[in-house]
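Here is a brisk tour of one protein model. Keep the sequence and the 3D view open while you read.

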Amino acid sequence: MLLTFDTSSPTVTVAVHDGADVVAQLVSAETMRHGEQLTPLVDRALGEVGISARDLTAIGVGVGPGPFTGLRVGLVSARTMAYALQIPVYGVCSLDVLAVEAVDTGAVSGSFVVATDARRREVYLATYDEAGHRVAGPDVQRPAEIAASVGGLPVVGEGAALYPDAFPDARPPLRPSAGWLARCVVEERVELRDPEPLYLRRPDAEIPRAPKPVS
């Protein structure tokens, strides 16, 4: 029994995989409330399957890239649960999850790009081959600066929906799915990482530096 969740996007997504397929999947009804919604969604997903946390054998979690606060909620929760239950926890790049879903659902054929919202009028992006293997990135850039380098490739993810002038060939899905994250882990379709946040820039909130001494 594998529990997976991703908090790298504005919504929280949670799933349970029983080793054969995804048997429960939930997405938060509200955005930007990761801390309040993750635990209730986990409880609901486990309840739908009729199991408790102690029946889990592993946890999978999206490591981003994504906003500092959202990622922290998911990763701290994953590490805490795994430690308490004494089970392994696997981290997965959230862009890779979008890529695998796009390939397996037929949304793309050939090379493509995944771009998600990085705020500040920027996107997180990576380039993939026809099989969904990452060949470049992830990186964070302004859409206008990379529109030409994308070269008309299809663009999966919320970044394309937010910046259609830069990415006219938008393809689904928009946001990472915990169900597809679970398939990625079980089938070892992507690199399994340590559950550490994939930050591509410094967090918005930082501890102020000490003032310079007056000379």
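In which strand is R119 found? R119 is found in strand β6. This is a predicted model. R119 has a positive phi of about 65°, although it is not a glycine. Most residues other than glycine have a negative phi. R119 also helps to line the largest cavity. Strand β6 belongs to one of the sheets described below.

**The sheet with β1**

Five strands make up an open sheet, ordered β3-β2-β1-β4-β5. Its pairing is mixed. β3 (22–27) and β5 (89–92) are at the edges and have a single partner strand each, so one side of each lacks a neighbour in the sheet. Direction ignored, neighbouring strands here are turned by 15° against each other on average.

Inside this sheet, β1 (residues 2–6) and β4 (residues 58–62) run parallel and are joined by four bridges. T4 stands opposite G60 in β4. Two helices pack on the sheet. Helix α1 (residues 34–49) touches β1, β2 (13–17) and β3. The direction of α1 makes about 150° with that of β3. Helix α2 (residues 68–85) touches β1, β4 and β5. The direction of α2 makes about 170° with that of β4.

**The sheet with β6**

Five strands form an open sheet in the order β8-β7-β6-β9-β10, again with mixed pairing. β8 and β10 are the edge strands, and each pairs on one side only.

β7 (residues 122–128) and β8 (residues 134–141) run antiparallel, with five bridges between them. Y128 has R134 as its bridge partner in β8. The two strands, β7 and β8, form a hairpin with five residues between them. In that turn, G132 has a positive phi of about 85°.

β6 and β9 (residues 155–156) run parallel and are joined by two bridges. V114 stands opposite V156 in β9. Helix α4 (residues 143–150) packs on this sheet and touches β6, β7, β8 and β9. The direction of α4 makes about 20° with that of β7. Helix α3 also lies across β6, β7, β8 and β9, and runs at about 140° to β6.

**Where α3 meets α6**

At what angle do α3 and α6 pack? Helix α3 (residues 94–104) and helix α6 (residues 178–186) pack at about 90°, with their axes 9 Å apart. That makes α3 roughly perpendicular to α6. On the α3 side, the contact residues are V97, V100, E101 and D104. They meet W180, L181 and C184 in α6. By class, this contact has five nonpolar, two charged and no polar residues.

**Cavity and pocket**

How many cavities of 30 Å³ or more does the structure hold? There is one. The largest cavity contains about 30 Å³ of space. T7, S8, S9, P10, M32, H34, P67, G70 and R119 line it. That lining has three nonpolar, five polar and one charged residues.

The second largest pocket holds about 160 Å³ of space. Its lining has 17 residues; S8, S9, P10, D117 and E158 are the closest to the pocket centre. S8, S9 and P10 are also among the residues that line the largest cavity. α3 and β6 (112–119) are the elements that give two or more residues to the pocket lining. β6 gives the largest share, three residues. By class, the pocket lining divides into eight nonpolar, five polar and four charged residues.

**Cis peptide bonds**

Most peptide bonds are trans. The table lists two cis bonds in this model.

| Cis bond | Omega |
|---|---|
| G64 to P65 | near 15° |
| P172 to P173 | near 0° |

Where are these prolines? P65 has its place in the loop between β4 and α2. P173 is found in the loop between β10 (170–171) and α6. The loop with P65 thus links to the β1 sheet, where β4 is one of the strands. The loop with P173 follows on from β10, an edge strand of the β6 sheet.

Definitions and conventions:
Residues numbered from 1 in each chain as written. Predicted model: local features only at pLDDT ≥ 70, side-chain atom pairs only at ≥ 80, totals over all residues. Heavy atoms only, no water. Axes fitted to C-alpha atoms, helices over the stretch in contact; angles between N-to-C directions. Parallel < 35°, antiparallel > 145°, perpendicular 65-115°, else oblique. Contact = heavy atoms within 4.5 Å. Nonpolar A, V, L, I, M, F, W, Y, C, P; charged D, E, K, R; others polar. Pairing = 2+ DSSP bridges. 1 Å grid on protein atoms, 1.4 Å probe; cavity = no way out; pocket = protein on both sides within 12 Å on 5 of 7 lines; lining within 4 Å. Points joined across faces, edges and corners; volume = space filled by probe spheres on them.
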